[in-house]
Amino acid sequence: MTKKILILPGDGIGPEIVAEAVKLLEVLRNQFGLAVEMEQGLIGGAAWDAAGHPLPEETLELARAADAVLLGAVGGPKWESLDISVRPEKGLLGIRSALELFANLRPAILYPQLASASALKAEVVAGLDIMIVRELTGGIYFGKPRGIRTLDSGERQGYNTLVYSESEIRRIGRVAFETALKRDRRVTSVDKANVLECTELWREVMEEVARDYPQVVLNHMYVDNAAMQLVRAPKQFDVVVTGNMFGDILSDAAAMLTGSIGMLPSASLDRQGKGMYEPIHGSAPDIAGQGIANPLATILSVAMLLRYSLEEQELAQRIEDAVQQVLGQGLRTADIDSEGCRRVSTEQMGDAVVAALLEQNR
Ligand code: IPM
Ligand code: MG
């Protein structure tokens with residue numbers, strides 16, 4: 001049966017990097033027999049401009065009808081003065097929430113070819129392979145009450161609520177332990193249980209979940225220490241499970257271990273494994289339209305899409321191999337460039353991955 005993929009390019013470099021991923025999907029369809037059809041939708045600032053809402057109802061309907069969603073990035077200075085309730089980021093948060101994509105998988109893998117692009121010493125990051133499992137539809141991102149109010153004194157006060165119910169913690173915990181079973185069988189749960197009650201509960205529930213997985217070793221770490229350990233000795237981690245905001249921050253830090261945030265894909269899954277796939281980086285308005293953005297995180301997101309939503313393990317592997325091959329040939333976008341390599345544009349990088357893929361098929 002033909003699978004439907006909804007393509008949401010979004011803002012900034014979104015359309016440029018997504019174009020390379022679509023090119024790749026078309027090659028998979030035309031030359032590798034992948035039964036997919038693609039449709040495009042609006043999200044973020046682009047949707048605001050065209051339809052007056054960062055997440056038009058039509059986009060949500062398309063997303064619900066699709067087997068998987070591929071997203072570029074949202075946001076940019078153009079929309080920063082809009083009310084927070086209609087900013088591009090609300091489109092992204094809205095679709096994550098509406099589709100109940102609570103499990104965000106963010107792998108941080110160091111490709112050996114990029115060891116010198118990492119800000120850390122090669123021996124600290126060589127062989128790095130971490131999976132960050134970030135809770136994506138709860139926590140302080142969605143907690144109520146929230147807002148900015150004016151106190152009797154006339155002073156304004158901003159407030160947000162960090163809230164997690166047991167069931168929310170348990171279901172993300174299960175995803176982390178199931179993921180660990182297929183890897184090195186270690187889970188680090190990151191919290192701030194010494195200060196925040198909400199994460200004290202988080203820790204307790206993780207302990208409960210761990211009882212169902214005797215083969216997996218669980219340890220706990222405060223988020224400040226986790227941030228330090230990530231840059232001190234990142235290879236101690238296998239699976240890291242944490243809440244929405246800590247996961248947002250730690251995954252950016254983990255990205256830099258791998259050389260560039262332009263390399264990291266992600267999958268956001270619901271209970272049934274339906275998912276939305278996106279690079280973890282943002283819309284990079286400063287380089288948008290220049291054709292220099294790195295499309296590899298988006299291309300690797302296509303690999304995750306094939307693996308998790310379409311059960312096309314082999315094609316997923318082929319894409320990942322093609323990416324490694326291209327890096328091995330010394331091709332680099334600006335963000336990962338180093339001495340002795342060849343600087344290429346977004347489009348040239350996409351073409352090179354396609355060429356490497358076709359080469360495998362010969
Ligand atoms: C991410 C991004 C988003 C987030 C923003 C754009 C709302 O930083 O996916 O990590 O904070 O979740
Ligand atoms: Mg982020």
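Start by selecting Asp 248 and Arg 134: their side chains meet in a salt bridge, at 3.9 Å from N to O. Asp 248 sits in helix H9 and Arg 134 in strand E5 (residues 129–135), so this pair ties together parts that are 114 residues apart in sequence. Keep in mind as you click around that this is a predicted model.

Now show the surface. Are the two partners buried or exposed? Arg 134 counts as buried, because its relative accessibility is 1% and the cut-off for buried is under 20%. Asp 248 is partly exposed, with a relative accessible area of 27%.

While you have helix H9 (residues 244–257) in view, pick out Ala 253 as well. Ala 253 is partly exposed, at 27% relative accessible area. Add Thr 346 to your selection: the two are 93 residues apart in sequence, and their C-alpha atoms are 24 Å apart in space.

Next stop, Arg 170. Select Glu 166 with it, and you'll find a salt bridge whose closest N and O atoms are 3.4 Å apart. Both residues belong to helix H6 (residues 166–181), 4 residues apart, which is about one turn of the helix. Glu 166 is partly exposed at 41%, and Arg 170 is partly exposed at 26%.

Then add Glu 208, which also forms a salt bridge with Arg 170, here with the closest N and O atoms 2.9 Å apart. This pair links distant parts of the chain, since Glu 208 is in helix H7 (residues 197–211) and Arg 170 in helix H6, 38 residues apart. Glu 208 counts as partly exposed, at 30% relative accessibility. For a network, select Glu 20, Lys 23 and Asp 351, which are joined by salt bridges that share partners. How many salt bridges does a search of the whole structure find? It finds 16.

Time for some surface charge. Select Glu 37, Glu 39, Glu 57, Glu 58 and Glu 61, which gather in a patch of negative charge on the surface. Strand E2 (36–40) and helix H3 (57–65) each give two or more residues to the patch, and H3 gives the most, with 3. One residue to zoom in on is Glu 58, in helix H3; Glu 58 is exposed, with a relative accessible area of 58%.

Finish with helix H10 (residues 296–308). At 1.5 Å a residue, its 13 residues should span 18 Å, and its end C-alpha atoms are indeed 18 Å apart. H10 is mostly covered, with 11 of its 13 residues buried, among them Leu 296, Ile 299 and Met 304.

Methods: Residues are numbered from 1 along each chain as its sequence is written. Chains are lettered from A and ligands numbered from 1 in the order in which they are written. This is a predicted model: local features need pLDDT of at least 70, side-chain atom pairs count only at pLDDT 80 or more; totals for chains, interfaces and linings use all residues. Side-chain values use heavy atoms; hydrogens and water are left out. Patches are made of residues with over 30% relative accessible area and no salt bridge: like charges are joined within 9 Å, nonpolar side chains (Val, Leu, Ile, Met, Phe, Trp, Tyr) within 5 Å. Accessible areas come from the Shrake-Rupley method with a 1.4 Å probe; for residues, only the protein chains shown count as cover. A salt bridge is a side-chain nitrogen of Lys or Arg within 4 Å of a carboxyl oxygen of Asp or Glu. Lys and Arg count as positive and Asp and Glu as negative; His and the chain ends are not counted. The place of a charge is taken as NZ of Lys, CZ of Arg, CG of Asp or CD of Glu. Buried means under 20% relative accessible area, exposed over 50%, partly exposed in between (1.4 Å probe, protein chains only). The expected span of a helix is 1.5 Å times one less than its number of residues.
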